[in-house]
Each structure stands twice: as structure tokens, then as C-alpha cells.
Amino acid sequence: MDRSGTSRALGRKRSARLLAVASAALLAFLVSACGGGEEQNTVQPSAVSQEDLTRLPDATTYGDLADAPLDPGAAPTGQVLHPKKDLVVYKAVNGEPFAKLPTRQMGSPTWVPVIATQGEWAQVLLPTRPNGASGWIHAGDSDVESARNNFVVNVNREAFELEITEDGKSLGKWTIGIGKDEHPTPEGRAYIIASIEETVNDYSPIVLPLSFHSDSHETFGGGPGTVGIHTWPDDSFVGQANSDGCIRVTQEALDELVKLPLGTVVNIV
Amino acid sequence: MTGVGALSAVLTAGVLLAPTASATGGENSAFAISANGLLKIAPTPYVDDTNGATEESVVRLDVPQNLLSLGVLNARAGDGYAKSSIADLRVSLNALPDLGLGLSQPLVAAEAIEANCEDGVASSSVAGASVAGIALDVAAPPNTAIEVPGLASVTLNKQVTNDDGSTTVTAISIKVNKLQSLDLASATCTKADDDGGKPSTPPTTPGDDDGDNGGDNGDDSNGGSGSQADKDGMAPVPTPVKGHLDVTG
């Protein structure tokens, strides 16, 4: 990150805020004077008034951001970001704001995987519906904590197999259970959004909710249909498609999965 | 915002069906809407941290359509934080003749209302909001009073310190003719626990048994422990946080 660029950025951001007129339209944004071309690195976020910020929905597993750009499938960057404060999420670099990313997800610190960067901007995956929702955040040092994450989880539904890799090397493979035909485990690039020491449901001591949601369950139990990774009281699931969409794993596999950083990508094919 | 991924609560004017806020009383709690008087709405969705981190969303309140319409109600709470929000709310109580409102404008209209409480510090904000046609400040100072003469008294960003030391913020609190009260977006929180709800045996990184949770053992706000990279710039091993979320089994 370019620290000097960040301070310049903040100065301009403040100025822009002072000038910003509270607009009734969420879509309104200011065009940065230095946008485009070779100066993309210094493109600053458009000013968002507090009123517009209030209007932006939170990006959590309970959210539904129908207008979010979908994961374009670019190669993973191995970078994860934690917002230090609620961050505005834009449709593109300096584009239209459409959500805010809170600092927590179900009590855990928010960490999101970065799938593309442009200067100080990062395209990140979001924990909301629809599956594959993404957005751009301004990732200056004052806004985010950045870290490397070399772990990836690969789930092969046809083979009932889950594999953890680090730097592309396999750390282990386990046989799993997946969603039944009428409530399939959704396909795509998800990520681990939180680590929950479950206090109500007793089928698994720890539940790892993913960013993805069931396509067939609008809601499930009292939740929004979040797909999770967890274990199960018996082995009836191993090698079976009999869950309501979740990925059921053995305790041995869960013991390794809970060590993975939040924001770890889970590729489901 | 559609109904996808959210829940609905069934309430009827004058009938209290949902659990009340006083049921258990976690230290940190939040609700989006509550009404008492001729129109009764139990705090909805009501969450507290009795079971750890909790969040709920509601897209429908079955009160008669001519009294209230809304987009979505959200509430979440956990150790040292609480937040609630409302999108696209319109409350018009003209259909309750005993209130004697007869307003040409909605009693309350707002595009968005938020209340936020973080480690004992409260704030609230509104967008496109009005009471009886009077536009409301986006972020009013704490306990800003507005009188609608002969009709209603309104408190914006109402902040109260409770007996247990917790703080409650209510974005908009309205009283009408001593017959009706309405609280919109409320959040109650304490300071976060020092241990941040850490488990007794923190997990270790695969292939790395130094047991160091990223050098981040504090109860730093805005996400608790595990919100910093370790000394090598690697993402931290997460600390499981007590909570409840019904995933798809």
C-alpha cells in the first residue's frame, strides 16, 4: 500500500465530504478529479454523506444484495482484508455505493477474500445473497487490515471429498456429506465468514458458516439459509447426499478446518 | 429488497404475540421496532447475547397495512455491541381514531433508521426521515427533543444509561397524546468483556504449533480478537465466538 497516497486520499476525501450535498438519491456520487488512465492508483472513493451511508444495507449473511457484481472468477490473490470500520462497498472502482461491510460477521471479525485489486481498491467477495456477490472497497491502510492467506479448501461434491491445501499443497483429504438432490450444496467460490461456537444447536460444537446460501431454502430454522461446514453426531452422512445443503464433515476434518483463517476460499465443484 | 433470505413475524394490532424484551435480558440487545398503547408491537426482531452473537432480519409485520409498512428490519447483538436498522418505514396511525391524529402526513416516514452501540458508545442516524411531515436531522445530538404541538413529543438519538451500566440508544422515540409510544431502532450494549469470549483452548495453525493467535490477544473493538495479521503478515487463526446461527444442517 502507498501510505503517502493514502494520506493524500484522506485529505481529498474530507474536502469532498465538506462539499458534498446530502442527496436524496443513493446513486449520486462525485467523480474524482484524478480518475482514470495512469493515475488509477490514486482514484479516491466518492464521498458518501452520512445520510447515504445510513441508507446502505449491511453486507452480512442476512443480507440480499441483488445488484452486487458477481464473482468474475479471477485467479485468487491469496490476500484477505479485515475492515477496521464499516466500509462502503462500491459496484466498481469509484462506482456506485450499494452496501456497507461491517467489522463483524456473527461476532467474528470480518475477513473477506480479495479477488482483484486496482491501486488501493480491492474487489472482495461478500457474505450476502446472491451467491458469488462481490464488491469493491477502498483498502487504504487506515481502512483495512491486510493479511496473506495461503489456505484453500476444495470441495468435490461428486466425489464427496473435501481437501485443505496450503500454497497448493494438499494438507489432507476427507470424505464428507453434502446436500440432498432437492436441497443441493451450491456450486462456486465461497469463503468462511465466521467461526461460531454454537450455543443452541448441538449437532456440532463449532459451525463454520460460508458466504453461500441455499438456492432452495429461502430460510432455514431461524436463519437465512446460510450454507455451513460442520460435523454431525453420527457417521450417517459420510459419502452421502442427505443434508439440507450444508457440508458435513468428520470431527477429524473439522479439527483442521477450524484452524483456517476467516476469509479462506472454499471452492465447491 | 425482497423476502428472500429473511424472516417474517406475525403481529396483529392490539395483540402481543412475540416474546417480550424483558424475557431474559442479555447485556447486549437490539430491536428495530416496538410500540405500546393502542397499537402494540413487541420489540421486533428482538435479539440479545444470551446465546452469544445473534442476528435476525424481518421483512413483514402483519399489522394492518393502513397502519404501517416497511422494507426490512434488522437487529444484531453480541459481546459489547448491538445494532438495529429499519429500511423504508411508514407509520400512519390515522386509522386509530382514539389517537385523534388525523394527519395529512404519515406519523413517521423514513428511508433508513439506524441505532448503533459499540463497547458502551452509542450513536444513531436517519435518512429521509420525518415525523408528521417535519424533516429529521440525519445525525441529531443525543436526546434531541422535537415537539409537534398538541400531538407528539419526539426524542431523536435518545440515550439512556441503565442501572447495570449498559447504554441504550433509540434512534427515534415518539409519544403521542399519552396514548401511544413508538420506539424505532434501539440498541443496548456494555463494554466488551476483557477475554473477548476466547475459548479455553485456542486452535493452532495447521503445520504451525506455536499457538500464537496472530499476536492479537486483546479485546480490540470492531471485531474482537483475531482481527490483525500475525507478525509475518499471515491471516490469524480464528477464535470461535459463542453464538447461534441456523445453517442448512
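**Entry 1. Burial of a cysteine in chain A.** A residue counts as buried when its relative accessible area is under 20%, and as exposed when that area is over 50%. I note at the outset that the model I consulted is a predicted one. With this cut-off in hand I looked up C246(A), whose relative accessible area is 0%, so I entered C246(A) as buried.

**Entry 2. The disulfide.** I then asked how many disulfides the structure holds over all chains. I found one. A disulfide is a covalent bond between the sulfur atoms of two cysteines. Here the partners are C117(B) and C189(B), with 2.2 Å from S to S. I recorded an angle of -70° about the S-S bond, and the link is left-handed. C117(B) belongs to strand β9 (residues 108–118) of chain B and C189(B) to strand β16 (residues 180–189) of chain B; the pair therefore ties together parts that are 72 residues apart in sequence. I also checked whether these two cysteines are buried or exposed. Both C117(B) and C189(B) are buried.

**Entry 3. A charged patch.** On the surface I located a patch of negative charge, in which E27(B), D163(B), D164(B) and D193(B) gather. I followed up one of these residues, D164(B). D164(B) sits in the loop between β14 (152–161) and β15 (167–176) of chain B. The relative accessibility of D164(B) is 54%, and I therefore listed D164(B) as exposed.

**Entry 4. Peptide bonds and phi.** Most residues other than glycine have a negative phi, and most peptide bonds are trans. I searched for departures from both patterns.

In chain A, I noted a cis peptide bond between R129(A) and P130(A), with omega about -10°. P130(A) lies in the loop between β7 (121–125) and β8 (134–138) of chain A. In chain B, I noted a cis peptide bond between T44(B) and P45(B), where omega is about -20°. I placed P45(B) in the loop between β3 (41–44) and β4 (47–48) of chain B.

Which sign does phi take in M106(A)? I read a positive value, near 50°, although M106(A) is a residue other than glycine. M106(A) is in the loop between β4 (104–105) and β5 (108–109) of chain A. I entered M106(A) as buried because its relative accessibility is 6%.

D88(B), likewise not a glycine, has a positive phi of about 55°. I found D88(B) in strand β8 (residues 81–91) of chain B. At 47% relative accessibility, D88(B) went into my notes as partly exposed.

Technical notes. Residues are numbered from 1 along each chain as its sequence is written. Chains are lettered from A and ligands numbered from 1 in the order in which they are written. This is a predicted model: local features need pLDDT of at least 70, side-chain atom pairs count only at pLDDT 80 or more; totals for chains, interfaces and linings use all residues. Side-chain values use heavy atoms; hydrogens and water are left out. A disulfide is a pair of cysteine sulfur atoms within 2.5 Å. Helices (H or I, at least four residues) and strands (E, at least two) are DSSP runs, numbered from the N terminus. Buried means under 20% relative accessible area, exposed over 50%, partly exposed in between (1.4 Å probe, protein chains only). Patches are made of residues with over 30% relative accessible area and no salt bridge: like charges are joined within 9 Å, nonpolar side chains (Val, Leu, Ile, Met, Phe, Trp, Tyr) within 5 Å. Accessible areas come from the Shrake-Rupley method with a 1.4 Å probe; for residues, only the protein chains shown count as cover. A salt bridge is a side-chain nitrogen of Lys or Arg within 4 Å of a carboxyl oxygen of Asp or Glu. Lys and Arg count as positive and Asp and Glu as negative; His and the chain ends are not counted. The place of a charge is taken as NZ of Lys, CZ of Arg, CG of Asp or CD of Glu.
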